[in-house]
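Reader: I have a protein model open and would like to learn how to read its helices, surface and charged pairs. Could you take me through it with questions and answers?

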Amino acid sequence: MYLRRAYDLALQLMGKTDNKRWVKDICLHAINDLKVIGVEVIINPETLRLWNVELRKGAGKFPHPNPNIANGKKNEPAIFESIPQFKSDCLSFIYDNFDNFVVDMLRDNVIDVLIPKHIDRIKVELSQYGLDEADSPELIILRKYISKPPSYGVVLSWLHSMDFK
């Protein structure tokens, strides 16, 4: 009953009104609605959130809307997804400097070497095929990092996505 009410409320309210959140707004609202009619099995919205996770995970009937999460696949940073060679170059740099590696070394290499290298490579490939540079999603991503270089935190998140801790 709780989950059903929460799903009904989510369909009615989420995305349509003032930034409703699943646990703090929807689950709590469902609990309070059922409390009015005398059903007081749970009082904590976190419990309802966990029930939702178990239902989605165990039954498989309601998979997570994000296919990566539903299939247990980690999200890759957009730059790695669009330019696989960029990830390969990062890994090569890490392994070549593994004995004294720090995140700032990779960040400096990305800014000074990898981004310009991949911009040049992609431009050559596009010109070979007669394609316009403005339409290239890879160049758009790389140019974003030219105008605003990746921060320490961004490069650290890339390392975590490659299973480095």
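**Reading the model**

Author: To begin with a single residue, Ile37 is found in the loop between helix H2 (22-36) and helix H3 (45-59), where helices are DSSP runs (H or I, at least four residues) numbered from the N terminus. This is a predicted model, in which local features need pLDDT of at least 70 and side-chain atom pairs count only at pLDDT 80 or more, while totals for chains, interfaces and linings use all residues. Residues are numbered from 1 along each chain as its sequence is written, and side-chain values use heavy atoms, with hydrogens and water left out.

Reader: Is Ile37 buried or exposed?

Author: Buried means under 20% relative accessible area, exposed over 50%, and partly exposed in between, using a 1.4 Å probe and protein chains only. Ile37 has a relative accessible area of 60% and therefore counts as exposed.

Reader: How are H1 and H2 placed: roughly parallel, roughly antiparallel, roughly perpendicular or oblique?

Author: Helix H1 (residues 2-13) packs with H2 at an angle of about 125°, their axes being 9 Å apart; axes are lines fitted to C-alpha atoms, for helices over the stretch in contact, and angles run from 0 to 180 degrees between N-to-C directions. Angles under 35 degrees count as roughly parallel, over 145 as roughly antiparallel, 65 to 115 as roughly perpendicular, and the rest as oblique. H1 and H2 are therefore oblique.

Reader: Which residue meets Asp8 in a salt bridge?

Author: A salt bridge is a side-chain nitrogen of Lys or Arg within 4 Å of a carboxyl oxygen of Asp or Glu. The partner of Asp8 also lies in helix H1, four residues apart, about one turn of the helix. With N to O at 3.0 Å, the side chain that meets Asp8 is that of Arg4.

Reader: How far apart along the chain are Lys87 and Glu76?

Author: Lys87 forms a salt bridge with Glu76, with the closest N and O atoms 2.5 Å apart. The pair links distant parts of the chain, since Lys87 is in helix H6 (residues 84-96) and Glu76 in the loop between helix H4 (67-70) and helix H5 (78-82), a separation of 11 residues.

Reader: Is Asp89 buried or exposed?

Author: The side chains of Asp89 and Lys117 meet in a salt bridge (2.9 Å, N to O). Lys117 is partly exposed at 39% relative accessible area, whereas Asp89 has a value of 12% and so is buried.

Notes:
Helix = DSSP H or I, 4+ residues; strand = E, 2+ residues; numbered from the N terminus.
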